[in-house]
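Biologist: Please display the model, and let us then examine it by question and answer.

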Amino acid sequence: MANLRKEFPLRLVDDPVAHAPGTPRAPVPAPADVELLDAYSKAVVHVVEKVGPAVVGVTVRGARGRAGGGSGVLFTPDGYVLTNAHVVAGAREMRVTLTDGSEHTAILVGSDPPTDLAVIRIEGVHLPHAELGSSASLRVGQLVVAIGNPLVFSNTVSAGVVSALARSMRAQDGRLIDPILQTDVALNPGNSGGPLVDTHARVVGINTMIILGAQGLSFAVPIDTARWVIGQLMSAGRVRRGFLGLAAQVRPLPKRLARRLELAVETGVEVMQAEPGKPAARGGLLPGDVIVAMDGKPVRNVDEVHRLLDAGSIGRKLPIKAVRGNDLVDMEVTPAEG
């Protein structure tokens, strides 16, 4: 027995001689578990040390002195900050607080409510800034870290995993933000506009919303969407989108009619109103028409129309198929800039 103990010391825990009868045996942690926990901790600490200095607090003052705010992340050394559009909406004055405690007056570069993103700027050089990554390579279950200022507690860190990659959520103006990242990272009011970061310390999303009363449900705008919006805001101050000038709603199509007209959809977009002199009216669309295809693509709801009205649609003739009465009619509309 002595030789066995000397040769296999790790087995002593299970040696019946080492325990009195009835004495519970203490579990021995597996070395692999300890190493994994250490790796997890190291990953989060690395992210915080590298990205934390670039995370800022955004305080806004609007009409009648109403105050609000959220978070943001510096993404250039000369003071450009990415945040949420709803954080800076209606702001007459904006202040940005860095992790060193310094405060700076900020100006609005541009805002895009349909994606809930905005770019603001402070004066400065050689400022700490975060690297923008890619959201296209994210995987469900991947570790992500959020840094922000929830409930005015500055530079708060929470970690979790990516829960889903292609959710759809409504922006404040009713447009669909699609796709959007879902995570189980703990977020609270004030986290809005802060970065969602991968283990390589690269920003992969901008935290945008939570569902009040829910736990483990938080959402972020993918950084690939943000990259495109940033370019538009920094060059033009806004994101260009097509505009038709109509009010519409989803309308189910009678099955017999859909079969007879050989339609690829079961619902369409019914025109409720076409503003006189606007692209939809000029193209021939009338109240009661049900749009079933645009630019060669099936259209089932208003969101699908919005997706087609991107910057590339402006000034370009788009073929439209619409059900009018019992017939299918073809026309063309040329979207204006919205």
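Biologist: Leaving aside its neighbours within four places in sequence, which residues is isoleucine 120 in contact with?

Modeller: This is a predicted model, in which local features need pLDDT of at least 70 and side-chain atom pairs count only at pLDDT 80 or more, while totals for chains, interfaces and linings use all residues. Residues are numbered from 1 along each chain as its sequence is written, and side-chain values use heavy atoms, with hydrogens and water left out. Contact here means heavy atoms within 4.5 Å. With those neighbours set aside, the contacts of isoleucine 120 are Val58, Gly79, Tyr80, Val81, Val88, Met94, Val96, Ala106, Ile107, Leu108 and Val109.

Biologist: How many residues does the largest nonpolar core have?

Modeller: A nonpolar core is a set of buried Ala, Val, Leu, Ile, Met, Phe, Trp, Tyr and Cys residues joined through side-chain atoms within 4.5 Å; buried means under 20% relative accessible area, exposed over 50%, and partly exposed in between (1.4 Å probe, protein chains only). In soluble globular proteins, nonpolar side chains tend to be buried together. Val58, Leu74, Leu82, Val88, Val96 and Ile120 have the most contacts inside the largest core, whose number of residues is 42. Apart from it lies another core, including Val269, Leu285, Val299 and Val305, with a count of 17 residues.

Biologist: In what order do the strands of the closed barrel run?

Modeller: Strands (E, at least two residues) and helices (H or I, at least four) are DSSP runs, numbered from the N terminus, and two strands pair if DSSP finds at least two bridges between them. The barrel has six strands with antiparallel pairing, in the order 1-2-3-6-5-4.

Biologist: Which residue of strand 2 stands opposite valine 58?

Modeller: Strand 1 (residues 55-61) and strand 2 (residues 67-74) are antiparallel partners, with seven bridges between them. Opposite valine 58, in strand 2, stands glycine 70.

Biologist: How many of the nine residues of strand 12 are buried?

Modeller: Three pairings involve strand 12: a parallel one with strand 7 (residues 131-132) over two bridges, an antiparallel one with strand 11 (residues 195-197) over three bridges, and an antiparallel one with strand 13 (residues 218-222) over five bridges. Strand 12 (residues 202-210) is mostly covered, and of its nine residues the number buried is seven.

Biologist: Which residue in the turn between strand 11 and strand 12 has a positive phi?

Modeller: These two strands form a hairpin with four residues between them, and leucine 196 stands opposite glycine 205 in strand 12. In the turn, a positive phi of about 65 degrees belongs to alanine 201.

Biologist: Are arginine 241 and aspartate 112 buried or exposed?

Modeller: The two residues form a salt bridge, with their closest N and O atoms 2.7 Å apart; a salt bridge is a side-chain nitrogen of Lys or Arg within 4 Å of a carboxyl oxygen of Asp or Glu. Arginine 241 lies in the loop between helix 4 (223-236) and strand 14 (242-243) and aspartate 112 in strand 5 (residues 103-112), so the pair ties together parts that are 129 residues apart in sequence. As for their surroundings, both arginine 241 and aspartate 112 are buried.

Biologist: How far apart in sequence are lysine 42 and aspartate 38?

Modeller: Their side chains meet in a salt bridge at 3.3 Å, N to O. Lysine 42 counts as exposed because its relative accessible area is 56%, whereas aspartate 38 is partly exposed at 39%. Both belong to helix 2 (residues 31-51), where about one turn separates them, a spacing of four residues.

Biologist: What is the relative accessible area of arginine 324?

Modeller: Arginine 324 meets aspartate 289 in a salt bridge at 2.7 Å, N to O. Aspartate 289 is buried, with a relative accessible area of 2%. Arginine 324, by contrast, is partly exposed because its relative accessible area is 30%.

Biologist: How many salt bridges does the structure hold?

Modeller: Besides the pairs already discussed, Arg238, Arg240 and Glu337 are linked in a network of salt bridges. For the structure, the number of salt bridges is 12.

Biologist: Which residue forms an aromatic pair with phenylalanine 75?

Modeller: Rings of Phe, Tyr and Trp (its six-membered ring) pair if their centres lie within 6.5 Å; planes under 30 degrees apart count as stacked, over 60 as edge-to-face and the rest as tilted. A search of the whole structure finds one such pair. The pair is tilted because the planes lie 45 degrees apart, at 6.4 Å centre to centre, and the partner of phenylalanine 75 is tyrosine 80.
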